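Please look over the sequence and the structure below before reading on. The report then takes up a few local features in turn.

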Amino acid sequence: MTTTATQGPQGRPENRAPRREAHPGQAPRGHASPGAALAVLPHVLRTALAWTDAHRAEFALPDDVLDPRTQVNATLKPLGELAQLCSTVRAATAPGTPEHEVAGDLVTYAWEQVGAGDLLLELLRTEPFAAYPYEIYAAFAGYGLRHEGFEALARPLTATRAWAHTEQHANRQLGLINSERRVGVLTHTDAGAVLSRTWLGGLSEPWMFEGPSGYALTHTVFHLTDWGRMPDRVPEKTDAYLRTWLPAWADGCLESGQWDLTGELLAVGASLPGPPPLELLDAVWPVLADVQHTTGCVPETGVPVQDTAPDPYPFIDCYHSTLVTAFAAALSLRSLRSLRSLRSLRSLTDGAGSRSGRERHTP
């Protein structure tokens with residue numbers, strides 16, 4: 001379901017490297033005005049979700065989805081990403097808000113497309129050696145949508161030696177571990193040991209960052225944090241490394257027009273423990289907001305079109321980047337609003353303390 005370590009979002013080779021040399025902590029191009037992210041994020045989130053909702057029929061599964069010749073990357077993968085990212089958007093937004101309701105409706109739509117789990121059970125029966133039916137199911141299970149028959153079959157399959165020794169990239173193995181956590185079964189291996197084998201876990205030389213390693217590191221963070229829901233799972237050294245180098249990597253992505261990867265890096269920044277990287281968010285979000293089309297969609301790469309047509313890009317070339325933008329925007333808004341609330345509380349507390357102190361010393 002998720003992007004592999006060596007491919008871009010649609011399974012195509014993505015080898016274009018950001019052209020600018022990385023410098024630690026350097027802000028992305030453009031001035032980072034305080035509060036700039038908060039100024040654009042509500043509109044970015046709302047319109048990205050509106051575009052996705054208006055194009056929900058494009059995520060519908062074909063009648064021949066179980067045919068072995070049907071392309072998973074063009075059918076089940078987009079639907080699984082719709083379920084995963086919209087479930088996170090719903091978790092990160094306040095109940096009763098339009099964004100919360102739309103995201104929930106889209107997850108429900110995706111669940112209906114898989115027959116409330118029946119289709120995933122059939123996939124598991126047909127391909128017991130494949131991990132993707134389990135990972136798609138886990139996106140729903142993490143949201144609270146379960147299928148008893150699927151889990152009854154999955155339990156013995158995930159206990160096999162073959163399941164524990166499936167050969168895959170380390171960041172993909174982290175995705176499987178997170179799926180097991182979501183379903184509620186014993187993980188097949190230790191997440192910490194797998195993290196140490198990833199590009200990010202090894203604290204790789206930052207100037208070696210390019211497309212495949214960029215997608216690998218973003219998904220490492222997503223799997224590690226359960227798509228931004230558990231920031232405290234990020235180790236201290238990894239947190240410090242990301243805070244140092246995210247600005248330079250984001251700058252390179254902006255320069256080379258890698259909008260999808262830019263969105264994923266912003267989501268990573270909003271998934272870190274502690275306060276969000278304010279300068280990064282304030283510098284990059286206004287740029288991505290300008291790239292977003294008036295309809296709400298965001299292209300994966302390249303020069304944004306100025307066409308006012310309802311569908312300026314083919315669906316396959318913008319659905320993922322639009323979903324990622326909504327996902328990153330919801331996480332960023334959650335982080336920034338939480339920080340603002342915390343600062344307001346501290347200000348009130350400090351003010352009360354000062355007033356009480358003056359009162360104690362007033363003759």
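What follows describes a buried acidic residue, several aromatic pairs and one helix.

## Basis of the description

This is a predicted model, in which local features need pLDDT of at least 70 and side-chain atom pairs count only at pLDDT 80 or more, while totals for chains, interfaces and linings use all residues. Residues are numbered from 1 along each chain as its sequence is written, and side-chain values use heavy atoms, with hydrogens and water left out.

## Aspartate 260

Aspartate 260 belongs to helix 12, residues 259-269, where helices are DSSP runs of H or I with at least four residues, numbered from the N terminus. Aspartate 260 is buried and yet has no salt bridge, since the nearest side chain of opposite charge, that of lysine 77, is 8.4 Å away. Buried here means under 20% relative accessible area, with a 1.4 Å probe and protein chains only; a salt bridge requires a side-chain nitrogen of Lys or Arg within 4 Å of a carboxyl oxygen of Asp or Glu. For charge, Lys and Arg count as positive and Asp and Glu as negative, whereas His and the chain ends are not counted.

The side chain of aspartate 260 does make a polar contact of 2.7 Å with the side chain of tyrosine 215, the term standing for N or O atoms within 3.5 Å, one able to donate a hydrogen and the other to accept it, with residues adjacent in sequence counted only if both atoms are side-chain atoms. In addition, a polar atom of the aspartate 260 side chain lies 3.3 Å from the backbone nitrogen of serine 321.

## Aromatic rings

There are 15 aromatic pairs, defined as rings of Phe, Tyr and Trp (its six-membered ring) with centres within 6.5 Å, and called stacked when the planes are under 30 degrees apart, edge-to-face when over 60 and tilted for the rest. Tyrosine 241 and tryptophan 249 form an edge-to-face pair, because their ring centres are 5.7 Å apart and their planes stand at 65°. Phenylalanine 315 and tyrosine 319, by contrast, are stacked, because their centres are 5.3 Å apart and their planes stand at 15°. Tyrosine 319 is buried at 0% relative accessibility, and phenylalanine 315 is also buried, at 16%.

Ring pairs link Trp51, Phe59, Phe315 and Tyr319 into a cluster.

## Helix 8

Helix 8 covers residues 170-183, and its end C-alpha atoms are 20 Å apart, in agreement with the 20 Å expected for 14 residues, the expected span being 1.5 Å times one less than the number of residues. Because 13 of its 14 residues are buried, helix 8 is largely enclosed by the rest of the structure. Just after helix 8, glycine 184 adopts a positive phi of about 95°.

Note on methods: Helix = DSSP H or I, 4+ residues; strand = E, 2+ residues; numbered from the N terminus. Buried < 20%, exposed > 50% of the residue type's maximum accessible area, 1.4 Å probe, protein only.
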